[in-house]
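Look over the sequence and the model below before reading on. The paragraphs that follow go through the structure one part at a time.

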Amino acid sequence: MPQGDLNGSSAQNGTRAKRAPVPGKATILALGKAFPSQVLPQECLVEGYIRDTKCEDTYIKEKLERLCKNTTVKTRYTVMSKEILDKHPELAIEGIPTIRQKLEIANPAVVEMATRACKACIKEWGRSPQDITHIVYVSSSEIRLPGGDLYLANELGLNTDVNRVMLYFLGCYGGVTGLRVAKDIAENNPGSRVLLTTSETTILGFRAPNKARPYDLVGAALFGDGAAAAIIGTNPILGQESPFMELNYAVQKFLPDTQNVIDGRITEEGINFKLGRDLPQKIEENIEEFCKKIMAKCDVKNFNELFWAVHPGGPAILNKLENTLKLKSDKLECSRKALMDYGNVSSNTIFYVMEYMRDYLKEDGSEEWGLGLAFGPGITFEGILLRSL
């Protein structure tokens with residue numbers, strides 16, 4: 001194996017040596033993901049959505065076509081299917097209470113996806129499920145007691161004394177919140193191994209389009225379904241575990257008086273969202289200060305000397321971030337690729353970005369430090385200072 005110093009200097013054959021994790025700091029030891037079987041190419045979305053909801057309004061169809069072209073999304077996955085609509089045609093009819101039916105579909109679907117994502121993650125990790133000491137379960141797509149964390153623990157055959165934490169209805173920043181919580185658990189419980197999972201479906205928000213609810217069309221054009229998982233722990237076991245990223249420092253911040261910029265409410269018909277047009281502008285106005293606060297914990301001062309794992313809420317947010325921080329065009333490539341391949345899958349998407357980032361750092365990346373960022377209701381900023389190992 002090529003030799004290099006612990007700061008990651010290149011070995012003689014040009015291959016970057018792995019960096020040693022800081023003792024006691026949380027690291028990501030494995031990743032996993034899973035999706036529904038229904039694949040939805042973006043070029044098929046408009047005709048399918050208009051057909052399924054029996055919409056005859058040409059204005060709505062034309063607007064959805066424009067939105068789909070602007071999202072940059074190419075492929076998504078969805079729990080919704082012809083079989084579901086055949087069984088529950090009321091889901092596509094305006095004004096009918098359908099929250100019960102939607103939850104009967106969504107609750108088992110999110111656990112099923114989470115289970116597959118976790119099994120893939122545990123397989124990559126290479127250790128026994130019985131070595132998992134904690135679960136952090138993130139979802140904005142199910143409502144029930146007990147929650148999906150208990151169903152997941154049963155499905156995976158985890159120990160009955162596994163410690164469980166539920167993070168519900170955080171929206172798009174939930175994945176990074178999960179990383180922050182898992183980091184705190186791992187660092188305060190030596191020897192622990194935390195299974196973090198996120199699982200989301202758009203079933204709760206599915207409805208017939210209406211001009212009075214323009215955000216429904218944005219959601220139809222942008223969001224997808226899926227699950228993700230990560231295993232977090234400190235002091236990786238040499239020869240058994242393969243850490244690839246360190247969670248060095250985590251910060252959360254909310255912007256005062258922005259509660260209505262992203263507004264989601266549970267109703268008899270499911271979940272209704274309203275999205276303010278000023279969301280990208282609010283992020284633009286506050287992002288530089290937020291990033292500098294996180295960067296103060298490392299010795300990098302230039303934004304372009306970092307790698308960037310940013311939740312792709314949409315192309316407008318990525319463009320604002322890139323322009324405001326004067327990032328090179330390739331810095332958000334992993335975020336743009338995740339958006340293109342999966343759409344915005346809410347809390348999951350940051351892990352799809354990280355998977356692409358892992359591949360990039362392994363092959364081409366020389367950057368030691370990076371930022372993981374996500375934005376969501378509140379307006380809430382979540383950020384983590386990452387270190388490539």
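Which residues of helix α7 (residues 214–222) are buried? They are Y215, D216, L217, A220, A221 and L222. Keep in mind that this is a predicted model, so a word on confidence is useful before going further. The mean pLDDT of the protein is 93, and 96% of its residues reach 70 or more. Residues 1–13 have pLDDT under 50 throughout, and for this stretch the model has 20 contacts beyond four places in sequence.

Return now to helix α7 and its surroundings. The cover over its buried residues includes two helices from early in the numbering, α1 (42–52) and α2 (58–70). Strands β3 (75–78) and β10 (270–275) are also among the covering elements, as is helix α10 (333–342). The buried positions of α7 include L217, A220 and A221. An α-helix has 3.6 residues a turn, so residues three or four places apart point the same way.

Helix α1 can be read in a similar manner. Its buried residues are Q42, L45, V46, G48, Y49 and I50. Among the elements that cover them are β2 (38–41), α2 and β3, together with α7. Helix α7 is thus listed in the cover of α1, and α1 is listed in the cover of α7. After α1 comes K54, which has a positive phi near 55°.

The next element to find is strand β6, residues 194–200. Seven of its seven residues are buried, so the strand is largely enclosed by the rest of the structure. The burial applies to both faces of β6. On one side are V194, L196, T198 and E200, and on the other are L195, T197 and S199.

What does β6 pair with? Strand β4 (residues 134–139) runs parallel to β6, and five bridges join the two. Within this pairing, Y137 has T197 of β6 as its bridge partner. Strand β7 runs antiparallel to β6, and here there are seven bridges. One of the residue pairs is L196 with A230.

A230, which belongs to strand β7, is a good residue to pick out in the model. How accessible is A230, and is it buried or exposed? Its relative accessibility is 0%, and buried means under 20%, so A230 counts as buried. Leaving out residues up to four places away in sequence, A230 touches V194, L195 and L196, and also I28, A30, L31, C121 and F351. Of these contacts, L31 shows how the chain brings separate parts of the sequence together: A230 and L31 are 199 residues apart in sequence, but their C-alpha atoms are 4.5 Å apart in space.

L31 and F351 also appear in the lining of a cavity. How many cavities of 30 Å³ or more does a search of the whole structure find? It finds two. The second largest has a volume of about 40 Å³, and its lining consists of L31, G32, K33, A228, A229, F351, Y352 and E355. Strands β1 (26–34) and β7 (226–233) and helix α11 (349–363) each give two or more residues to this lining. By type, the lining has five nonpolar residues, one polar and two charged.

The largest cavity holds about 60 Å³ of space. Its lining includes the run from E90 to E94, along with I96, T98 and K102. F206, R207, A208 and E269 line it too. Six of the lining residues are nonpolar, one is polar and five are charged.

Some details of the backbone remain. A cis peptide bond lies between L145 and P146, with omega about -5°, and P146 sits in the loop between β4 and α5 (148–156). Another cis peptide bond joins G378 to I379, with omega about -25°. I379 is in the loop between β12 (369–376) and β13 (380–388).

Two loop residues are worth finding for their phi angles. T72, in the loop between α2 and β3, has a positive phi of about 70° although it is not a glycine. T72 is partly exposed, with a relative accessible area of 38%. N235, in the loop between β7 and β8 (245–254), is also a residue other than glycine with a positive phi, near 45°. The relative accessible area of N235 is 45%, so N235 is partly exposed.

Methods
Residues are numbered from 1 along each chain as its sequence is written. This is a predicted model: local features need pLDDT of at least 70, side-chain atom pairs count only at pLDDT 80 or more; totals for chains, interfaces and linings use all residues. Side-chain values use heavy atoms; hydrogens and water are left out. On a 1 Å grid over the protein atoms alone, a cavity is a set of points where a 1.4 Å probe fits but cannot get out, and a pocket is an open set with protein on both sides within 12 Å along at least five of seven lines; lining residues have an atom within 4 Å of a point. Grid points are joined across faces, edges and corners, and a volume is the space filled by probe spheres set on the points. Ala, Val, Leu, Ile, Met, Phe, Trp, Tyr, Cys and Pro count as nonpolar, Asp, Glu, Lys and Arg as charged, and the others, Gly among them, as polar. Helices (H or I, at least four residues) and strands (E, at least two) are DSSP runs, numbered from the N terminus. Buried means under 20% relative accessible area, exposed over 50%, partly exposed in between (1.4 Å probe, protein chains only). Contact means heavy atoms within 4.5 Å. pLDDT is the predictor's confidence in each residue, from 0 to 100. Two strands pair if DSSP finds at least two bridges between them.
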